[in-house]
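Q: I should like a close look at a single part of this protein. Please set that part in the context of the whole before turning to the detail.

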Amino acid sequence: MTATSGTLDAARPERSIPAVTQLVQWLRVGFTVAEDPSTAAYDRIMRRLGLSAGIAGIIVGCAELPEIAQQGRPQPVWWSVLAVVLCFGWYPVLVVVSAVSGPRAIRIVCGCAAVSFLIALATIPLAVRLHSIDANSVWPYRVTALAVCAAVLAFPTRVTVTYLLAASTSAALATIYTVSAVTPQNLTENFLRSAGLSALFVWCGTAATGAAARVDRESAIASRRAAAQAAAQARDRERARFAALIHDAVLSTLLEAARAGTHSDVLRRQAERTLEQLDECRGDDRDPDLLDARSAVLFLRSAVQDVNSGIRFATRTWPGYDDLRMPVQAAGTIAAALTEAARNSLRHASIPGRDVRRTVTATISAGSIRIVFTDDGAGFDLAVVPADRLGISMSILGRMRQLAGGSAFVESAPGEGTTVTLVWGGDGSH
């Protein structure tokens, strides 16, 4: 093994992970859905909004129970039970789905919650007797905004606005079952109150998801630009290599032939070697969208140093490393996961009173590359990472799982630093 850049660190001792911790990590990874890295920000905000809406639904449901019980006394029991299930039953499911699944499942559950609320409103004329409730409004009216929140996460903006108008209108019309003397003013006030509060949630939700989508678009554009730049650099190096071959071999051979004028064994050997080099160059058939070992290392080092120039980058090579040909798209994915690991370390690994050392080691062999990011900072317990902390599960592990031939591993323990390993090549197990 050859060290080609910098002084190499001593081998990091492996940490033993308790069996219980390993089981928890396995369960967490097994139930985590790897999302498309090109929509990482949108997926993250959808999960957090879904989790927030689910928790809010549970809290509102518990807070409304006394009022539900009071208004349900003169009504059939089946209606109260059915209405509670329709209005609040999907929110515990939403909490679980937001924690362990992806945006598609979140949208499905939110859509079910939104439609179920409309069904609950439709059951009011079937069960609630006119003016049998001693209140200003029937209780589903007060949870209209919650249903609209679910609609924001489930439907496009135009459909959500239509849903807002339909739900607010239906909830306002339910006033006729509670107020003996209904006037257009009562209906208008109830509609405006419900629609105004719901519109605030629609604005906040669409603004958050729209901003996340814009971040993803800009990130994708930046990745494509970086990949195009890397490909251009690779083409420039090939042109320079060919130009050097022409200058150093072909022209010098022709010059020697012109000077010698007679048979020369040295000239013959030089001509044979020049022809061999030309054949090698012609037989390379190098794809400009593939990075060789040197280009891949330069690309990854540049990505890390853009995050923090103080992170040390070392390179190790095994025999045959020159055979590495990495697609620029794969290099971009690895660079994105690596920079996310670096940013996580800079945000969370700091220890007051001392400097945290951060190192990236790239090990290149024939057809594969292994990137190891290490820090000796605060570390953390993988088993207790909150479900909404998606930097590891999605931005690092998820990205690498989506990459053909890629894999990733994270090791950490409180007080023992963190190691993030990214592997690409073959089946991803090198």
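Among contacts in the protein between residues at least 6 apart in sequence, what percentage join residues at least 24 apart? After that, please describe helix α5 and the helices that pack against α5.

A: The model is predicted, and what follows should be read on that basis. Among contacts between residues at least 6 apart in sequence, 76% join residues at least 24 apart. One pair with a wide separation in sequence is Ala213 and Asp43, which are 170 residues apart along the chain but 9.0 Å apart in space, C-alpha to C-alpha. Ala213 belongs to helix α9, residues 184-260, and is partly exposed, with a relative accessible area of 23%. The protein as a whole has 13 helices and eight strands, and 43% of its 430 residues count as buried.

Helix α5 covers residues 103-122, 20 residues in number. From first C-alpha to last, α5 reaches 29 Å, close to the 28 Å expected at 1.5 Å a residue. Its buried residues are Pro103, Ile106, Val109, Cys110, Gly111, Ala113, Ala114, Ser116, Phe117, Ala120 and Leu121. As background, an α-helix has 3.6 residues a turn, so residues three or four places apart point the same way.

Two packed helices are described by the angle between their axes and the distance between the axes. The axes of α5 and helix α4, residues 90-100, come within 9 Å and cross at roughly 170°. Angles over 145 degrees count as roughly antiparallel, and α4 and α5 are therefore roughly antiparallel to each other. On the α4 side, the contact is made by Trp90, Tyr91, Val93, Leu94, Val97 and Ser98. These residues meet Ala105, Ile106, Val109, Cys110, Cys112, Ala113 and Ser116 of α5. By class, the contact of α4 with α5 has 11 nonpolar, two polar and no charged residues. Of the α5 residues that meet α4, Ile106, Val109, Cys110, Ala113 and Ser116 are among those that are buried.

The second partner is helix α8, residues 157-173, which packs against α5 at an angle of about 25°, with the axes 10 Å apart. Angles under 35 degrees count as roughly parallel, and α5 and α8 are therefore roughly parallel to each other. Their crossing is left-handed. Here α5 contributes Ala114, Val115, Phe117, Leu118 and Leu121, while α8 contributes Tyr163, Ala167, Ser170 and Ala171. This contact of α5 with α8 comprises eight nonpolar, one polar and no charged residues. Among the α5 residues in contact with α8, Ala114, Phe117 and Leu121 are buried.

Notes:
Residues are numbered from 1 along each chain as its sequence is written. This is a predicted model: local features need pLDDT of at least 70, side-chain atom pairs count only at pLDDT 80 or more; totals for chains, interfaces and linings use all residues. Side-chain values use heavy atoms; hydrogens and water are left out. Helices (H or I, at least four residues) and strands (E, at least two) are DSSP runs, numbered from the N terminus. The expected span of a helix is 1.5 Å times one less than its number of residues. Buried means under 20% relative accessible area, exposed over 50%, partly exposed in between (1.4 Å probe, protein chains only). Axes are lines fitted to C-alpha atoms, for helices over the stretch in contact, and angles run from 0 to 180 degrees between N-to-C directions. Angles under 35 degrees count as roughly parallel, over 145 as roughly antiparallel, 65 to 115 as roughly perpendicular and the rest as oblique. A crossing is left-handed if the near helix is turned anticlockwise from the far one by less than a right angle, and right-handed if clockwise. Contact means heavy atoms within 4.5 Å. Ala, Val, Leu, Ile, Met, Phe, Trp, Tyr, Cys and Pro count as nonpolar, Asp, Glu, Lys and Arg as charged, and the others, Gly among them, as polar.
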